[in-house]
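Work through the exercises below with the sequence and the structure side by side. Try each task before reading its solution.

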Amino acid sequence: MHSTPRIVSDVMTHTVAAVGRGAGFKEIVRLLEQWKVSALPVLEGEGRVVGVVSQADLLPKEEFRDSEPDRPVGFGRLADLIKARAVTAGELMTSPAVTVHADATLAAAARTMAHARVKRLPVVDDHGMLQGIVSRADLLKVFLRDDEDIAEEVRDEVVSYLFPAPLAPVHVAVHDGVVRVTGRVRDIALIPVAVRMVRAVEGVVDVECDLTGPQRTPEAY
């Protein structure tokens, strides 16, 4: 009954700026500026991703440009010192690259980004070959989904499935991604399940649930 969740291939950018291991420092800076991106995949061979070089990898060159840190600071930031003296993508890159497959769900890609604390992920096939790139902005595109489209999915995939014969009609309204569900249902145990399912619908910002159970009859005296 569930609709297929959107996957990385639905939102990723297929045309990607990338560099080889031997790309020089200034070439990398020029490409970052030209493509208005914060990082570039580093490729070898026929397009296998071996790393990513980002603005953060380049900044130590400027930080340590006119001075050398004292020994305690240098020891604590050895990796930055090495990058400050690096001149090629192979020396500068962070490796191995954090990547994602095109068939990964957007939720899985978002978790990978958050865990790795990166802004974009190279998209690779089973052999590590570059297929595209997905950014934070790409993942947020699901929240541009039309309200009525969201409402229709909630009605078809949640309400009709959990409450096929409600005591009173279950109404679904969506405004700016916030879903409001009202009505009276037979099994109140299913209400928390419904909230979780609605929240999992792509594009939903929040859920307001006003579902209630059967009316209690007055006890006889």
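A residue is called buried under 20% relative accessible area, exposed over 50%, and partly exposed in between (1.4 Å probe, protein chains only). The model is predicted, so local features need pLDDT of at least 70 and side-chain atom pairs count only at pLDDT 80 or more, while totals for chains, interfaces and linings use all residues. Residues are numbered from 1 along each chain as its sequence is written, and side-chain values use heavy atoms, with hydrogens and water left out.

**Exercise 1. Salt bridges**

Task: Find how many salt bridges the whole structure has, and state how accessible the partners Glu153 and Arg145 are.

Solution.

Step 1. Fix the criterion: a salt bridge is a side-chain nitrogen of Lys or Arg within 4 Å of a carboxyl oxygen of Asp or Glu. A search of the whole structure with this criterion gives 11 salt bridges.

Step 2. Take the pair Glu153 and Arg145, whose side chains form a salt bridge with an N to O distance of 2.5 Å. Glu153 has a relative accessible area of 15%, so it is buried. Arg145 has 22% relative accessibility and therefore counts as partly exposed.

Step 3. Repeat this for Asp206 and Arg199, which meet in a salt bridge at 3.2 Å, N to O. Asp206 has a relative accessible area of 34%, which means partly exposed. Arg199, at 44%, is partly exposed as well.

Step 4. Look for salt bridges that join up: Arg21, Glu44 and Arg48 are linked in a network.

**Exercise 2. A salt bridge between strands**

Task: Locate the partners of the salt bridge between Glu208 and Arg180 in the chain.

Solution.

Step 1. Check the distance: the closest N and O atoms of Glu208 and Arg180 are 3.7 Å apart.

Step 2. Place the residues. Glu208 belongs to strand S9 (residues 206–212) and Arg180 to strand S8 (residues 178–184), 28 residues apart, and the pair thus links distant parts of the chain. Helices (H or I, at least four residues) and strands (E, at least two) are DSSP runs, numbered from the N terminus.

Step 3. Compare with the cut-offs: Glu208 is partly exposed, at 39% relative accessible area. For Arg180 the relative accessible area is 39%, again partly exposed.

**Exercise 3. A charge without a salt bridge**

Task: Decide which side chain of opposite charge is nearest to Glu202, and how far away it is.

Solution.

Step 1. Assign the charges: Lys and Arg count as positive, Asp and Glu as negative, and His and the chain ends are not counted.

Step 2. Find Glu202 in the loop between helix H10 (191–200) and S9.

Step 3. Search around the residue. Glu202 is buried but has no salt bridge, and Arg6, the nearest side chain of opposite charge, is 4.7 Å away.

Step 4. List the contacts (heavy atoms within 4.5 Å). Apart from neighbours within four places in sequence, Glu202 touches Pro5, Arg6, Arg145 and Ile150.

**Exercise 4. The sheet that holds S8 and S9**

Task: Give the strand order of this sheet and name its edge strands.

Solution.

Step 1. Two strands pair if DSSP finds at least two bridges between them. The result is an open sheet of three strands in the order S7-S8-S9, with mixed pairing.

Step 2. Strand S7 (168–175) and S9 are at the edges; each has a single partner strand, so one side of each lacks a neighbour in the sheet.

Step 3. S8 and S9 pair in the parallel sense over seven bridges, and Val179 stands opposite Val207 in S9.

Step 4. Add the helices, using axes that are lines fitted to C-alpha atoms (for helices over the stretch in contact) and angles from 0 to 180 degrees between N-to-C directions. Helix H9 (residues 147–162) lies across S7 and S8 at about 150° to S7. H10 lies across S8 and S9 at about 155° to S9.

**Exercise 5. The two sides of H7**

Task: Which residues of H7 are buried, and which are exposed on the other side?

Solution.

Step 1. Leu106, Ala109 and Met113 are buried in H7. They cover an arc of only 60° around the axis (taken from the directions from the helix axis to the C-beta atoms), which puts them on the same side of H7.

Step 2. Arg111, Ala114 and His115 are exposed on the other side of H7.

Step 3. The buried residues of H7 pack against helix H1 (8–11), S4, S5, S6 and helix H8 (136–139).
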